[in-house]
Amino acid sequence: MTMVTACHQQELALQLNSIRVSRVLSVLPQMQQALFHLIPLMLQVNHPDLPGTLNTKTPCGIDFFSLSHHAIEACEAMSLDVPAVIEMQSTAFEGVYAMGSTASFGQNPKSDIDVWLVYKSHLTSAELDLLKHKNKLMTDWFAGFDFEVNFYLVHPMQFRDSSAFESNQSLGIEHSGTSQHWLLLEEFYRSHICLAGKTVAWWPSATQQITEQYPHLLYFGDINSLPAAEYFGASLWQLYKGLNKPHKALLKVLLLETYASEYPNTTLITQQLWQLCEQQNFSSDNDAYLLLYYRIERYLLTQEDDNRLEIVRRCFYLKSGVLLSQLPPSWGRDWRYSKMRHLVNQWGWNPELIAMLDNSPYWHSGQLKWFNQQLSELLLTSYKNLLQFASKQALSDRMRVEELGLLARKLHSSFSDDDHILQPLNRLWSLSTAEKVLVVRYCDATSRFYLYRQVQTNNSASFIEARESFIGADANQVIHEADNVCSLVAWSVMNGLATFDTQWAQVGRGSHRANKLAYLSHKLIPILHNVPVVSKRHLCEPWFYQKIIFVVNIDEDPTVKWQGQELMFDYIDLNVLSFGRNKINMLSSVAVVCLNSWGEWQSHRFDGDTALLEAISFVVLGLKRSDDKVDLSVVSCSAKLKQPIFNQLKVLLLRCYGLMKKVSQTSTLMHQITIGEHRYGMYFNSLGMMYRKIDTAIKKDLVENLVLARPELIDDPYASVPSVIQQFIATGAKQYFLRERNDILDVFVVDENNQLTQLQYPHTNMKEFVSKESHLYVFNEKKQRLPVFNMPQFFKLTRIEGELRVLPFGLSDDEMGSAF
């Protein structure tokens, strides 16, 4: 009886697999169909004519592989020789499987294909390294045909043996690390396609014993009882994925929310799919992505949440790539076309809405901004609901706390409500965000600046309001707002709205103002578009500045009233900060646009006579840990004296940078500066810079660059802690520095304002402490003084070759060097 059942179940799995292969091919262009057939062949043999073959020692061969006529035709189509030797005495892979949205309602022309390579457990680390290299070569080759294929090495025991799991890939751009485990397997079960190798025993009644009786079956583990502890990590991972593809992440996060709402009696999509297979229903209803939508729809209808449901429907439609306002592709009718037409009729969509969604590659910045806002709000709503659910559970014991911190840190800049952070605008499907005209309006009532997109008439230079609308968002809608105009310009440049061809205007201001905004935009474009890569090391260490731009005189401009000749500045040592007989400061406001090592752009404005000093005091601590590659730029928007202001400010900034690098824990360096009618001393120590007025009766040469003992050292809480800690402090982040001594754990806590507390915990190890504090920070509302994404950072103090060093907790050097 068991044999009959197992054979029957395998037949059902093979039948669904065959249908999925047909579905994926029906929506791929002809060349990509050939490429799809080549995937298993490239892994079966090392052949010099096949892409990815660089080392003949690279493991190859797939269990139960057979050369299909489709693969032969694909070789001929791509002008590749068919390998003469196909059969292998020993094989490297138990199976090769595509998974994800492939062959589902979620597959669109731009979808990538994720391929799991389930390798034999006996392969060595050296052999796995060869496979990783081959995977990279194959991915690059497919990319040359505009076909994105990503390969992942999967241990056959990865989901049943934690040691095998932990030795696998760490958190990365495309790999969720330990943030999800069983939920990842559930997604694989419900969406996979066997390209070659063993049939996956994914039906609910399957157990490990079935593979002992049937060697041609592969069993990963039981998903019928998903642990609640995993939901939080999985939601964080989906939010992170949402930074690039929020419409896709929204569907995944809402599925998690739906699953959580039914816990512990959750019915998985995998189970629904199998029920349809047993009913011999292999129609379009038997589709993982469609069932995902139906589950979310039912949940949101129960919640009476029409707003989220409408956005979900649009995300589902856009993810599919089915264009109902256009004819199907020339190579065949999309198998989803009729079903999608039926769905939109049910939803009551009109032709205008469908056409607007089909036109998504050409959405303008106003449409993108509106849709991004909807997606962000819905993602955060789901996250908060999942956080509430997870607070009643323990954090997954499989999830590494250090990976939790990395994900949270990456999310902070995108979901932070800090008005000074320049939020990235996701282009979604739009091919370009560039705008021909950008208009700024200042509102006296709110003391804020507002940015609009507008068009010009053909026969007039005046600006008129655009009349095109988008689901409640039109050209009158504010695209962005800030407390200073420099933030608007920087945000526009960073997100590609402002180009060298963009015209600027400000309501109520003339052409001079428009020219100044355009000038600033042009100066910022090369600086803001050339940014370093953020690595894991950056995210797990205190931030430091990589780029700082001082923008001066963008608003009030004292140089306008100056009647002199600029040439005199080349011959006379004149101070632009205290110029002429009246000692006029030629700088008004100072705006600082800065990029830190966490990848966050920020903009701050400083006003008044001491604006420059406040700006330098603000940035100088973040310069202490910067390397020699830090980019210090000055943009002078002055009507006159542009070059002298640029020259003198650049020299001053470089001097401040040099002084901050020289200071030690026990000394203070002082630099004198004259601004207007006053002289100031700028005092640099290991905690930053402070300034105060100096008696003008004291001669300048007596106070210039003095080395002073730090006057506050006696009462300084840092005096009794390891000096190396001072090299790591950063404003705005809570930090724990941990040192194990015998049975005592020393804990030095530096809060968001750099206030230090020293604690000791007997009989506590470092891992237990970090896990406990992380759990309290995430789930204890009283501890959440900042958004949950601004997670604390944990460091361990350890001696290496006699020197006390600070190392990020839990991450190896190999992990920290990779991009994230």
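**Fold, helix packing and selected residues of a predicted chain**

Asp146 is found in the loop that runs between helix α4 (125-143) and strand β3 (149-154), and in this model, which is a predicted one, the residue is exposed, with a relative accessible area of 67%. The value places Asp146 in the exposed class because that class begins over 50% relative accessible area. Although Asp146 and Lys110 are 36 residues apart in sequence, their C-alpha atoms are 8.9 Å apart in space.

The chain as a whole can be described next. It contains 24 helices and 27 strands, and 58% of its 820 residues count as buried. Among the contacts with a sequence separation of 6 or more, 70% are accounted for by residues that lie 24 or more positions apart. The surface that the chain exposes amounts to about 36200 Å², of which carbon and sulfur atoms supply 50%.

Several pairs of helices pack against one another, and two packed helices are described by the angle between their axes and the distance between the axes. For helix α10 and helix α11, the axes are 10 Å apart and the packing angle is about 120°, which makes α10 oblique to α11. The crossing in which α10 passes α11 is right-handed. On the side of α10, the residues that take part are Ile269, Gln272, Leu273 and Leu276, and these meet Ala288, Leu291, Leu292 and Arg295 in α11. Sorted by class, the residues of this contact between α10 and α11 comprise six nonpolar, one polar and one charged.

Helix α11 (residues 288-303) also packs with helix α13 (residues 337-347), their axes coming within 13 Å and crossing at roughly 15°. The two helices, α11 and α13, are therefore roughly parallel to each other, since an angle under 35 degrees counts as roughly parallel. The crossing of α11 and α13 is left-handed. In this contact, α11 contributes Leu290, Tyr293, Tyr294 and Glu297, while α13 contributes Lys339, Leu343 and Trp347. The residues of the contact of α11 with α13 divide into five nonpolar and two charged, with no polar residue.

Another packed pair is formed by helix α12 (residues 306-320) and helix α14 (residues 351-358), whose axes lie 10 Å apart at an angle of about 55°. That angle makes α12 oblique to α14, and the crossing of these two helices is right-handed. Glu310, Arg314, Tyr317 and Leu318 are the residues of α12 that meet α14, where their partners are Leu353, Ile354, Leu357 and Asp358. The contact of α12 with α14 holds five nonpolar and three charged residues, and no polar ones.

The interior of the model can be illustrated with Leu524, a residue of helix α18 (residues 511-529). Leu524 is buried, its relative accessible area being 0%. When residues up to four places away in sequence are not counted, Leu524 touches Val489, Ala490, Val493 and Ile549. One of these partners, Ile549, is 25 residues away from Leu524 in sequence, while the distance between the two C-alpha atoms is 8.6 Å.

The backbone geometry of some loop residues also deserves notice. The peptide bond that leads from Tyr263 to Pro264 is cis, with omega near 5°, and Pro264 itself has its place in the loop between α9 (246-262) and α10 (269-278). Asn553, in the loop between β15 (545-552) and β16 (590-596), has a phi near 60°, which is a positive value in a residue other than glycine. Asn553 counts as buried, at 0% relative accessibility. A positive phi, of about 70°, is likewise found for Asn754, which is not a glycine, and this residue lies in the loop between β24 (744-750) and β25 (756-762). With a relative accessible area of 13%, Asn754 is buried, because residues under 20% relative accessible area count as buried.

Conventions
Residues numbered from 1 in each chain as written. Predicted model: local features only at pLDDT ≥ 70, side-chain atom pairs only at ≥ 80, totals over all residues. Heavy atoms only, no water. Helix = DSSP H or I, 4+ residues; strand = E, 2+ residues; numbered from the N terminus. Buried < 20%, exposed > 50% of the residue type's maximum accessible area, 1.4 Å probe, protein only. Contact = heavy atoms within 4.5 Å. Areas by Shrake-Rupley, 256 points an atom, 1.4 Å probe, with all protein chains shown as cover. Axes fitted to C-alpha atoms, helices over the stretch in contact; angles between N-to-C directions. Parallel < 35°, antiparallel > 145°, perpendicular 65-115°, else oblique. Left-handed = near helix turned anticlockwise from the far one by under 90°. Nonpolar A, V, L, I, M, F, W, Y, C, P; charged D, E, K, R; others polar.
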